[in-house]
Amino acid sequence: MSFGETPVTLVGNLTDEPELKFTESGSALAKFTIAVTPRTFDRTSNQWKDGTTAFYRCAAWRTLAEHVAESFQKGSRVVAAGRMRQHDWTNDQGEKRSMLAVEVDDIGASVRFATVQINGKRTTSATQSGDPWNTGSNRPEPGNEPPF
C-alpha cells in the first residue's frame, strides 16, 4: 500500500455473483459488490436493530480475481481488506462523474455464521520441503530480525 491511500476492511455479504473478466493483456478482473449493514442492540426493546446498508463496489485482480469467482456466490459472507480508490470519468453527455470503489488485496469467507473448508494448498518451495515456515533462505527479511 502506498502512502496516502485509505485502507478499508469490509465485513458483509456479496449482493450478486462475482463478475469475472479478462483484460486485453490477459489479466483477470473480478468485480463484485459487498453489502455492509451495521447492527446495534437496542436495550429499550431488547432487540437487535439494523442500520442503513452501505453498498461497496469492489474489484480484485489476477489470481485473487479468479479465486473470488470460484469461491464466492451471491449471499456469501466475506471479510475483505483493501483500499479505497476514486474513479473519475466523463459520460457520453460530457458530464464529469466519479465514484469510490474498493480495490481488494485479500478476501476470505467469514466463519462467524458458517463453516468453510479450505481446498487449496501451497505450491511453493516451502511446502515442497515439508516445512511450511521455510522461506528458502536462512536470513530473515529486513525488519523481521529476532530481538535477541
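These legends accompany close-up views of a predicted model.

**View 1. The whole chain, as a starting point.** Welcome to the protein chain, which has two helices and eight strands. Following the sequence, you will meet these elements in the order β-β-β-β-β-β-α-β-β-α. The protein chain has 148 residues, and 22% of them count as buried.

**View 2. The largest pocket and its lining.** Here you can look at a pocket with a volume of about 580 Å³. Its lining is made up of 16 residues, and those nearest the centre are H67, S71, I118, N119 and G120. Helix α1 (62-71) and strand β8 each provide at least two lining residues. The biggest share comes from α1, which gives six residues.

**View 3. A nonpolar patch on the surface.** V111, V116 and I118 make up this patch, and together they have about 310 Å² of accessible area. To find V116, go to the loop between β8 (96-109) and α2 (125-128). V116 counts as partly exposed because its relative accessibility is 46%. I118 may look familiar from the previous view, where this residue is among those nearest the centre of the largest pocket.

**View 4. The aromatic pair of F41 and W48.** One aromatic pair turns up in a search of the whole structure. The partners are F41 and W48, arranged edge-to-face, with 5.3 Å from centre to centre and 70 degrees between the planes. F41 has a relative accessible area of 36%, so this residue is partly exposed.

**View 5. Salt bridges at K21 and R39.** The whole structure holds nine salt bridges, and two of them can be introduced here. K21 pairs with E19, with 3.2 Å between the closest N and O atoms. K21 is partly exposed, at 38% relative accessible area, and E19 is partly exposed too, at 36%. R39 pairs with D50, and here the closest N and O atoms are 2.7 Å apart. Because R39 sits in strand β4 (residues 39-42) and D50 in strand β5 (residues 47-50), this pair ties together parts that are eleven residues apart in sequence. D50 is exposed, with a relative accessible area of 53%.

**View 6. R83, D105 and their network.** R83 and D105 form a salt bridge whose closest N and O atoms are 2.6 Å apart. It links distant parts of the chain, since R83 belongs to strand β7 (residues 77-90) and D105 to strand β8, 22 residues apart. R83 counts as buried, at 14% relative accessibility, whereas D105 is partly exposed, at 39%. Through shared partners, salt bridges join E5, R83, R85, E103 and D105 into one network.

Terms used
Residues are numbered from 1 along each chain as its sequence is written. This is a predicted model: local features need pLDDT of at least 70, side-chain atom pairs count only at pLDDT 80 or more; totals for chains, interfaces and linings use all residues. Side-chain values use heavy atoms; hydrogens and water are left out. Patches are made of residues with over 30% relative accessible area and no salt bridge: like charges are joined within 9 Å, nonpolar side chains (Val, Leu, Ile, Met, Phe, Trp, Tyr) within 5 Å. Accessible areas come from the Shrake-Rupley method with a 1.4 Å probe; for residues, only the protein chains shown count as cover. A salt bridge is a side-chain nitrogen of Lys or Arg within 4 Å of a carboxyl oxygen of Asp or Glu. Helices (H or I, at least four residues) and strands (E, at least two) are DSSP runs, numbered from the N terminus. Buried means under 20% relative accessible area, exposed over 50%, partly exposed in between (1.4 Å probe, protein chains only). Rings of Phe, Tyr and Trp (its six-membered ring) pair if their centres lie within 6.5 Å; planes under 30 degrees apart count as stacked, over 60 as edge-to-face and the rest as tilted. On a 1 Å grid over the protein atoms alone, a cavity is a set of points where a 1.4 Å probe fits but cannot get out, and a pocket is an open set with protein on both sides within 12 Å along at least five of seven lines; lining residues have an atom within 4 Å of a point. Grid points are joined across faces, edges and corners, and a volume is the space filled by probe spheres set on the points.
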